[in-house]
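Dear colleague,

Please find below the structure I agreed to pass on to you. My notes on it come directly after.

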Amino acid sequence: MEHRHKRRSRWRSLPFVGLLVAALVLALYGVGLLDQRTVSAAPNSAQLLSTGDGQNAAAGGAAPQVSSDGRYAVFESGADLPALTPLHPRSEGNTRRVYARDLRTGAVTLLSDPSVDATAPQVSADGRVVTYRASASGGELSTRTSTVVVDRDVDGRKTFDQAGNVEAYDLDDAPGATASSFPGLCASDCGPRISDDGTKVVRPSVLSAVSPYLEITAAEGRTEPTTTVLGNVVNFDGMVSSAYNGFEADNEDYTVTIGTRSLLRGKEKEDLTGRPVLENTAPDSTSPAFTLGGKTCDTDGKCRVEVTFHPSSACAGSPSGVSFGRLRTSGATPAGQTAIALVARCRGPISAPWCASGPDLTQQQMADLPLRLGSVLRGSNERRGNVVPVGSALPGSPFITVVPVSVSGEFTFSTDDCSAIRLVDPGPQLRARAENLKGGALEPILVGQSGVVDGALYLLIAPEPRTDETAVRGTAHDGPRIHTARLSVNSGGSNQLPPNGLSIAVQVERRVIEMRKDTASTPGFAPGPATVVNVADTGGSGTTIIDGVQPALSGDGQTLLFARPVLPETPPDESAVLRASLSDDTAGPATVVAGGDGDAVTAPAVSRDGKTLAFVRGPRTASPARPTQVVVTDAHGKDARVVSTNADGTPGDGDSDRPALSPDGKAVGFASKAPGLGTATGTTAPRLFVRALSGDDTLIAVASLGAGEGPAVAFDAQATRAYFTSRDPLTEGDTNAQDDAYAQRLPGRLIVAPTGLDFGVYDKPSPAGVGLPLSLTNAGPGTVTIDAVTAPAPFQAQGTCTGRTLAAGETCVTVVSFTPTSAGTYEGVVEVQGNSGPPRAQQTARTTLRAEVQPAPTAPDTDTPAPPPPTFSDAPPAPATTGPAPSPSPSPPPGPTPSPSPGAPAPGSLSIVPSVAHPGRVTRVHGRGFTPDTTVNLTWGTTGPTQPVTVTSTGDFTAYVPVGRTATPTLGTITAADADGRLLAYVQFLVEKLSMEPSLIGRGGSGS
């Protein structure tokens, strides 16, 4: 914005100006009447984090985080770094490991098990508790992913990383039955979050349709189920030899007993399945194809339930087809629920599938989808049918599974949900990708083909979000689903598919958020029960768990944010950011703070106190014409404004995302590819930017960002440093040309207001001085230390700002004074020097000065009273006039100034006794009109000493201040400031010449 400061009028016989002037200056600053600036962080201020203890060379690293006190950093690295090993010994390998670094001593500690991948670390405010995501190697098909919490100081004696005093906790082993996180299912930002005190952890997670903690068995009839079910699919026509080629309508009802047994450690004899529920999904059936019997459990924890297939209902109206069903339970293990797919085929040629002729996606669109390689599971009894488990799917996240198989005969396809599983013609690009993955030719097998085909099934897995009544009611039905499809051969000889077909199982998960809270009184983290916390009000019917991703937890542990791709009773493509309160250790219900406007809103971030929020907004479909932008708002979603803007305030011309807020909420960091935000780096990588959220909105261009997910940057308490991943060689030791973890000091920006001080016109010389306030403000986002405030004689700069370090948005007020002792026109410049070091990045801000003193009258002016002791006043100055100079305007009587705005410190007035101070003696200072029961710091001159005094309940105080020695008569000053350095009052007086009479020598300045 354009810099605008209106020059003051020329004043005559100006009295001391009250704090109203300073308040006005600050108010003008607060509405942004200053230039917006973009600056760059100095590269030589960077510190390399991803190195071993004592090493200088970069070893590769990512995802750095820092404790709020700025002492401990955590990061992940694939290197075996020299480090302390209180939990796990060092070992070679290509896994990711989590390390902690003491930034004061340089010591590095290995905190994760090097046999598993450890990523996305987080750290508490004091560095004691660290949490990270751990998963076995194997990518998308890994067994499971868990969240680990490491307490580095179990006994609480503040001796970190000592052998025997460090303990790791796997939150999957904590009490409580909630969902667990599975690998390959969280699209982005999959790591945990931790509160500042280290007692709360939230994490994105997945509620699986099929729990790996349950053993599923089945048997024909009402007998002990002993055969393990493959892929959680029960093929009824494969369970009995008479129905090997399918059921007929006149066949008797057929019952299968399905058993479950807990595999959860410590709960082997418990029933984890809850109440069974049968879902019939065959679209052509008007009467139930399956019915459910009773459930029984024995003392060993083995439970069984009977499911009966009715051929008379399923096969009479549709003599050639497939019936599908689902057996679900309301119980849940720490890794999901029980869900068994039910499939039964009627005898005869399979009719054409009821799905539409083609998929909703084009071959080009399918070619860009993720690709998985599937395989056939074979049981000990092949008559029961083979199963292809194609893995887990998230609503709205389609992928392709290719299954190599040989078929002889006429091939048909049926499914319970045409949107969830569909056989497709891959097209040349997708086929080329699949053949490269498999390492051989994979000719597509399509419905209706006959003869011998040695090729592959190309399956589009694209379950849609559920928005029907069941999906928002919060019942047992409102959970993850398991979808099935059946591939059958009508006739043929020897082939890989038995006549009763091949079953496909797709597990559809719902992402949820979990919270872990330290409820134990014993030392250490000691995880308590887990709780699902992403719940929302369903409008009169209570609350229900809703889809929740990308959690963000405030530092105080009271506010949870999460993104919701789909809201109940809204269009499937609606999204929102929701806010839930965790103040009572229970969530919600969550309320919408962003969304509902048709755009996609994602990646929420929150300040420590939960009062400032950030998120990404953009079109649902990526568009170069509408880049994504970072938005900041208050706790209720109001006063939203785009912060990924150019210097002129227009939104960036490239995608901006991955926001992060500083703990104090005064700075926001984000990644951006917008060229207009900073100088091009010659790379396509996004660049890290940090913006101060003050009225001045200073923007810092930091460095190019490396690969990663989640927030682009982490900050210490006051955003003095940024912690991020970059491939740029920001230090001399970084020559590895790969991502490394860095810390870099962020500069602040020093500004002064007003930009000119005009003391006006004096009608004659006078020993009475005049003081005007000058505001020194740090526009952020880093800190600025005031090194010096200097003014040319006869002007003087006085106050307590020199030596102070200002946080972003903080202001210190100094006083510039002028004493009209001789006639003339005086001009000069106040120079304020500051730094954002180390290194000492010097900054200079300037304010012009002007005053005019007319010659004294030739005749004595006996009617002009001597000026009273100077005090602050809010009375406006007399305007300048032309013609002969009139007598000076009288100063207002001393007294308290008007009441300040609510929450602001009260200014007051100072007076001294005697009115002429004596060097080496004590002057009594009386103050009145100050905020009662507060502390005021009285400072002699420009350098001190400073003496704290306590204001009485009536706003008064009396103090005794030593008077400095001087060889000549001079003017003394005393300033009063609050604990934050804000100027409250100022008084100037005459100090007589130091007397060398023996009677005065030895009367020290500290006497009473």
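The notes below cover the salt bridges, one sheet, the cavities and one residue of this predicted model.

Salt bridges

The structure holds 19 salt bridges, and three of them are described here. K295 pairs with D271, with the closest N and O atoms 2.8 Å apart. K295 belongs to strand β18 (residues 290–297) and D271 to the loop between β16 (254–262) and β17 (276–280), so this salt bridge ties together parts that are 24 residues apart in sequence. Relative accessibility is 28% for K295, which is therefore partly exposed; D271, at 38%, likewise counts as partly exposed.

The salt bridge between D416 and R326 has its closest N and O atoms 2.9 Å apart. It links distant parts of the chain, 90 residues apart: D416 sits in the loop between β25 (411–415) and β26 (421–423), and R326 in strand β20 (residues 322–333). D416 is buried at 11% relative accessibility, and R326 is buried with a relative accessible area of 2%.

E827 and R850 form a salt bridge at 3.7 Å, N to O. Since E827 is in strand β56 (residues 824–835) and R850 in strand β57 (residues 842–853), the pair ties together parts 23 residues apart in sequence. E827 is exposed, at 60% relative accessibility, whereas R850 is buried, at 14%. These two residues are linked with E852 in a network of salt bridges.

Sheet and cavities

An open sheet of four strands runs in the order β38-β39-β40-β41, with antiparallel pairing. β38 (600–606) and β41 (641–642) are at its edges; each has a single partner strand, so one side of each is left without a neighbour in the sheet. Five bridges join β38 to β39 (residues 612–618) in the antiparallel sense, and V606 has L613 of β39 as its bridge partner.

There are five cavities of 30 Å³ or more, and the largest has a volume of about 510 Å³. V606 is among the lining residues closest to the centre of that cavity, together with Q65, Q122, L553 and L661. The elements that give two or more residues to its lining include β38, β3 (62–66) and β7 (117–123). The lining comprises 17 nonpolar, nine polar and three charged residues.

Q507

Q507 is in strand β29 (residues 502–508) and is buried, with a relative accessible area of 19%. Beyond its sequence neighbours up to four places away, Q507 touches S208, A209, V210, G391, S392, A393 and R481. Its C-alpha atom is separated by 10.0 Å from that of A420, 87 residues apart along the chain.

With kind regards

Notes
Residues are numbered from 1 along each chain as its sequence is written. This is a predicted model: local features need pLDDT of at least 70, side-chain atom pairs count only at pLDDT 80 or more; totals for chains, interfaces and linings use all residues. Side-chain values use heavy atoms; hydrogens and water are left out. Buried means under 20% relative accessible area, exposed over 50%, partly exposed in between (1.4 Å probe, protein chains only). Contact means heavy atoms within 4.5 Å. Two strands pair if DSSP finds at least two bridges between them. On a 1 Å grid over the protein atoms alone, a cavity is a set of points where a 1.4 Å probe fits but cannot get out, and a pocket is an open set with protein on both sides within 12 Å along at least five of seven lines; lining residues have an atom within 4 Å of a point. Grid points are joined across faces, edges and corners, and a volume is the space filled by probe spheres set on the points. Ala, Val, Leu, Ile, Met, Phe, Trp, Tyr, Cys and Pro count as nonpolar, Asp, Glu, Lys and Arg as charged, and the others, Gly among them, as polar. A salt bridge is a side-chain nitrogen of Lys or Arg within 4 Å of a carboxyl oxygen of Asp or Glu.
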